[in-house]
Amino acid sequence: MRLSELKRPGDRRCIVLLASPTMETVPKIWIFAFALPLATVGQTVSVAPVEDDVVLGRLKRIEKDNNARRQTLEAIFREADCGDPALISHNVRGTSAPNLICELKGEATEEIIVVSAHFDKVRAGAGAVDNWSGASLLPSLFEALSKRKTAKYTFLFIGFTDEEAGLVGSRAWVKDHKKTMLKNVRAVINIDSVAVGPLYVWHSQANPELEQYALRVARALKMSLTAMSADQVGASDTLPFRENKVPIIDFHALDNKTFPILHTIDDQLSVIKLDEYKSTYRFLTLYLAFLDQTLLPKASAEPKTEPPR
Ligand SMILES: [Zn+2]
């Protein structure tokens, strides 16, 4: 999370993370999940998450400096079977570590779902919450998605560099792909600072369709997913995409209790709640599989209507 200059943790007067009541008015769910794979009315979303101990083991491989974090993330991607030529470095001028991109090819459309998390940290603390909690999930999300029989969309799992220096990695990716891949990006799912508490969606800037689907999947998993908007206190890697009218959604776990941990010595592995980390992982796995099956490509999208209920 890139914190606003004027709204630092500790300055409690300025912290205005507001839960939104609008999330209560959720249409009835139409997914009935007993376990994964998940059975739905009229469709089946089938995806097998990576084992808990493997997922947790990846969280624990946190490193202190940004280059080591980048190298570890690459090593974990390779262990998850994302190797050459699917694993790509995207060099970003002025940074010591390039963006890291793992591509999972889809079959039915040219369009792309980006799943992103920044791997860099600020100087203070271990950067466990912000944002090894997000970056360390990427290879496990890839691994689960890659074992499905078919994929409609191409997924790009991107570890962004230098988010904390001003969204440097995400801005560079958007700029360098503006005339090519960016046009095909159907959605960006960003994970920044999760598992320090229950999962939230950054409601104020989320694409409504992506948010509706997230709520349905959360309800199906009997998991809480509340709206918590952080507009006044920070920005995330979805901003450069939003500026280009790409539908985005941010997942985080920041509220008035957990936000003050960011960018301080308190941001350590010990504050990560392992149960939340596991449930966040399971939720995202299912959500991505669900999006792959449910989201209509832009190219085929009919005039804008309500998502099916
Ligand atoms: Zn941050």
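## A tour of the predicted model

Buried residues account for 49% of the 309 residues in the protein chain. Keep in mind as you go that this is a predicted model.

**The whole chain.** Start with a cartoon view: the protein chain holds eight helices and 14 strands. Now turn on contacts between residues at least 6 apart in sequence; 83% of these join residues at least 24 apart.

**The core.** Next, select L141, F142 and L145. These are the residues with the most contacts inside the largest nonpolar core, which has 91 residues. Add helix α8, residues 274-294, to your selection: this helix gives the most to that core, with ten residues. Then centre on F142. Which residues does F142 touch, not counting those up to four places away in sequence? You should find F77, A80, C82, C102, L104 and F157.

**A loop residue.** Move on to E107, in the loop between β7 (99-104) and β8 (112-118). Is E107 buried or exposed? E107 is exposed, because just 9 other C-beta atoms lie within 10 Å, and the cut-off for exposed is 12 or fewer. Leaving aside neighbours within four places in sequence, E107 is in contact with T150, A151 and K152. Try a distance label too: the C-alpha atoms of E107 and T154 are separated by 7.5 Å, although the two residues are 47 apart along the chain.

**Where to be careful.** Finally, colour by pLDDT. The average for the protein chain is 86, and 84% of the residues score at least 70. Select residues 11-17, where pLDDT is below 50; this stretch has 16 contacts in the model beyond near neighbours in sequence. Over residues 21-42 the pLDDT also stays under 50, and the model has 41 contacts for them beyond four places in sequence.

Key:
Residues numbered from 1 in each chain as written. Predicted model: local features only at pLDDT ≥ 70, side-chain atom pairs only at ≥ 80, totals over all residues. Helix = DSSP H or I, 4+ residues; strand = E, 2+ residues; numbered from the N terminus. Buried ≥ 20, exposed ≤ 12 C-beta atoms within 10 Å, placed from the backbone. Contact = placed C-beta atoms within 7 Å. Core = buried A, V, L, I, M, F, W, Y, C linked by C-beta atoms within 7 Å. pLDDT = per-residue confidence, 0-100.
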